[in-house]
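Trainee: Could we go through this structure together, beginning with its charged side chains and then turning to its interior?

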Amino acid sequence: MDVQSEIDRRLSAAPVVPLVSADDPQVAVETAKALQDGGLSVIEVVLRSDAAQACMEAIIDQTEGLIVGAGTVLTLQQAQSVVASGAQFVVCPGLVDEVVEYCLDQGVPVYPGTMTAGEVQRAYALGLRAVKFFPATLAGGVPMLKAFGSVFREMRFMPTGGVSAGNLAEFLALPSVLACGGSWLTPADAIAAGDYSKITDLAREAVAIAADAR
């Protein structure tokens, strides 16, 4: 499977990437399955706990049909570790050349975080045509992406940070937006309560909003 082509295909159909943050692998698996039941199949597991990588590995091992990536990847060593553990794509909060170059060399899709024209141009020069825009609302939101889109005509963006059901449609209406990432789909209180049906409902809502916006 060409992972990049498959990610693009899935995000064309449902342009939302939920963030899964967990410190219990079984909770992570149930969360991922709930998102999948709601129509989202590209999942980003963020490395924000000591057990995050184990959670990612458990999702990969115990689910079928998902594309599972690692987010909040900060260093080359982390990138190497998550790719060795089966991550199918890598997402970073910022742009680090050696992480991007490693992922490109391995054939692993990588979405580094950008928030300035200089960072977007650097990513473009490294050969990327899709990047994360983070933190989306603090970095200028829709107006900033409109400005970037007019200059970087080949670049696609994945805004993350401050995206919600309330502004999802506004972001997705932009031609330059590949997909939106967000943690609003996996609320901590619902996960703590074991209310996975809530997560499925939020995923379905996001899919419906996306369908209307596109």
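Trainee: In this predicted model, which residue forms a salt bridge with Glu6 in which the closest N and O atoms are 2.7 Å apart?
Mentor: Look within helix H1, which spans residues 3–13 and holds both partners, three residues apart, about one turn of the helix. The partner counts as exposed, at 52% relative accessibility, whereas Glu6 counts as buried at 15%. The residue that pairs with Glu6 at 2.7 Å is Arg9.

Trainee: Which side chain meets that of Glu6 in a salt bridge of 2.8 Å, N to O?
Mentor: This partner also belongs to helix H1, four residues from Glu6, and so about one helical turn separates the two. Here both members of the pair are buried. The side chain that meets Glu6 at 2.8 Å is that of Arg10.

Trainee: How far apart are the closest N and O atoms in the salt bridge between Arg204 and Asp201?
Mentor: Both residues lie in helix H10, three residues apart, about one turn of the helix. Arg204 is partly exposed, with a relative accessible area of 47%, and Asp201 is likewise partly exposed, at 46%. A salt bridge is accepted up to a cut-off of 4 Å, and for Arg204 and Asp201 the closest N and O atoms are 3.9 Å apart.

Trainee: Which residues are joined into one network by salt bridges that share partners?
Mentor: The count for the model comes to five salt bridges, among them the pair of Glu6 with Arg9 and that of Glu6 with Arg10. Glu6 takes part in both of these pairs, and the network consists of Glu6, Arg9 and Arg10.

Trainee: Turning to the interior, which helix gives the most residues to the largest nonpolar core?
Mentor: That core has 66 residues, of which Ile59, Val73, Val82, Val90, Phe157, Leu168 and Leu185 touch the most other members. In soluble globular proteins, nonpolar side chains tend to be buried together. The helix that gives the most to this core, with seven residues, covers residues 196–213 and is H10.

Trainee: Which residues does Phe157 touch, not counting those up to four places away in sequence?
Mentor: Phe157 is one of the residues that touch the most other members of the largest nonpolar core. Its contacts beyond four places in sequence are Val120, Val131, Phe133, Leu145, Phe148, Ser176, Val177, Leu178 and Ala179.

Trainee: Is Thr160 buried or exposed?
Mentor: Thr160 sits in the loop between strand E8 (156–159) and helix H8 (168–172), and its side chain reaches the backbone oxygen of Met158 at 3.3 Å. Leaving aside neighbours within four places in sequence, Thr160 is in contact with residues including Leu19, Lys132, Phe133, Gly181 and Gly182. The cut-off for a buried residue is under 20% relative accessible area, and because Thr160 has 4% relative accessibility, it counts as buried.

Trainee: What radius of gyration does the chain have?
Mentor: The chain has ten helices and nine strands, and its C-alpha atoms fill a box of roughly 45 × 40 × 30 Å along the principal axes. Among contacts between residues at least 6 apart in sequence, 61% join residues at least 24 apart. A compact globule of 214 residues would have a radius near 17 Å, and the chain agrees with this, its own radius of gyration being 16 Å.

How values were computed. Residues numbered from 1 in each chain as written. Predicted model: local features only at pLDDT ≥ 70, side-chain atom pairs only at ≥ 80, totals over all residues. Heavy atoms only, no water. Core = buried A, V, L, I, M, F, W, Y, C linked by side-chain atoms within 4.5 Å. Buried < 20%, exposed > 50% of the residue type's maximum accessible area, 1.4 Å probe, protein only. Contact = heavy atoms within 4.5 Å. Polar contact = N/O pair within 3.5 Å; in protein donor to acceptor, adjacent residues only side chain to side chain. Rg over C-alpha atoms; globule rule 2.2 N^0.38 Å.
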